[in-house]
Amino acid sequence: MASRVVMPKLSDTMEEGTILRWIKQEGDKVETGQTLAEVETDKATVEMEAYTNGVLRKVIAQAGATIKVGAIIAVIGAPDEDISALIEPVAPTREAPPPPPAASPRPAGVAPTRPVTLPATALRAAPPAAARDAGPGRSLRASPLALRMAAEAGIDLASLQGTGPQGRVIKRDIEAALAQASGAEPALPGGQPAVEVREIELSSMRRTIARRLVQSKAPVPHFYLTVDVAMDRLWEAYRALRDENYPISLNDVIIKAAASALKRHPEMNASFAGDHVKQYGRVHIGVAVALEDGLITPVIRDADSKSIDEIAAEARTLADRARNRRLQPHEYTGATFSISNLGMMGIEEFSAIINPPEAGILAVGAVREAPVVENGQVRVGRRMKLTLSVDHRVADGAQGARFLATLRRMLENPLLVG
């Protein structure tokens, strides 16, 4: 019996999804569990599976279209079954991008815009498309932003060798291909004015960030507390471990220390729930990971009870999966507290916006050399700024300050972080 395929709700905050591409085509046999299409949600790229057997009789929402959750996008049925009663128009919130126009002769002296035809020198060595896309459900690895840029420019992704994680084609690969293609094209006649404004369509993730952070910054009464942490001992231990190729980062130690401090200060491991406050017995740390077109906070669960080694391994795995847009919903939901670290980018101090409903987020700055006065003498020490953003409906300044004091004591005495 024929059945509708609808846009699934693939995350707790998902309201619509963008079909990046159909893995199955009309007329293909489909079995339960096989991948039908790749869908970009507000958090990740997810392979949408079939929930029934049959033939993909009709694709209603084309690749590139953004469809509300619950709306029909395809029909699966028997090969000769009448499916006319199941087909209904779908109203995408955004249409699929138009296909590249067919090549046509152009007047002499007029440079083309789209599609861009890549010269042979622009194509890096890459396996043929069939080999990269062999087997049901196997994905051509590319970020959503790269997919859109390639579609707009008429670039065949299979002709590129990605430089992202696991060979993923990312924004800089498309830009490099365009730059090479541009260099091979005839010079613009008479010089054309440079583009002054470029309009970039928001990705699902960027739209969600825009919506949720306004919901946080406006109604959630933030206050901020900053401390300067002496990092001399921890830095020395960290460098010694690095010299031994021990695979941990300073952020892994900070995650462990923050989780242990939260266990001692449950008032900060909490959330606001309208008429009451929820305090959590388990500590799940969300760790902000920057992506090409946004950020996401994969969650290290029960971080207080894990060793630094375990946290380091889990953080690396989650970050890789986040950058490949392969996180599953349970991997980026349910945090009770979050950490954002921009220290590796040279930022000394900043304030982060709370990710509701969490009561707080910790912003971590860079470890820097600074003049330190001890016993009347000035020496060079290592310092790091920590800024705690707190939802004032959940906790007060003194409670936040006590949490920060515990955290600072741990980081300044690495033996306490265990």
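Colleague: In what order do the 4 strands of the open sheet stand?

Modeller: This is a predicted model. In it, 4 strands make up an open sheet, with antiparallel pairing. Strands S1 (3–6) and S3 (29–30) are at the edges; each has a single partner strand, so one side of each lacks a neighbour in the sheet. The order is S1-S8-S6-S3.

Colleague: Which residue in S8 stands opposite Leu56?

Modeller: Strand S6 covers residues 54–59 and strand S8 covers residues 72–77. The two run antiparallel and are joined by 4 bridges. Opposite Leu56, in S8, stands Ile76.

Colleague: What kind of aromatic pair do Trp235 and Tyr238 form?

Modeller: The whole structure holds 2 aromatic pairs. In the pair of Trp235 and Tyr238, the centres are 5.7 Å apart and the planes make an angle of 55°. Stacked pairs need planes under 30 degrees apart and edge-to-face pairs over 60, so this pair is tilted.

Colleague: Are Trp235 and Tyr238 buried or exposed?

Modeller: Both residues lie in helix H5 (residues 232–243), 3 residues apart, or about one turn of the helix. The relative accessible area of Trp235 is 17%, and Tyr238 has 13% relative accessibility. Buried means under 20%, so Trp235 is buried and Tyr238 is likewise buried.

Colleague: How do helices H6 and H9 cross, and what is the handedness?

Modeller: The axes of H6 (residues 250–264) and H9 (residues 397–412) come within 9 Å and cross at roughly 140°. That angle makes H6 oblique to H9. Residues in the contact include Ile254 and Leu262 of H6 and Phe403 and Met410 of H9. The crossing is oblique and right-handed.

Definitions and conventions
Residues are numbered from 1 along each chain as its sequence is written. This is a predicted model: local features need pLDDT of at least 70, side-chain atom pairs count only at pLDDT 80 or more; totals for chains, interfaces and linings use all residues. Side-chain values use heavy atoms; hydrogens and water are left out. Two strands pair if DSSP finds at least two bridges between them. Rings of Phe, Tyr and Trp (its six-membered ring) pair if their centres lie within 6.5 Å; planes under 30 degrees apart count as stacked, over 60 as edge-to-face and the rest as tilted. Buried means under 20% relative accessible area, exposed over 50%, partly exposed in between (1.4 Å probe, protein chains only). Axes are lines fitted to C-alpha atoms, for helices over the stretch in contact, and angles run from 0 to 180 degrees between N-to-C directions. Angles under 35 degrees count as roughly parallel, over 145 as roughly antiparallel, 65 to 115 as roughly perpendicular and the rest as oblique. A crossing is left-handed if the near helix is turned anticlockwise from the far one by less than a right angle, and right-handed if clockwise. Contact means heavy atoms within 4.5 Å.
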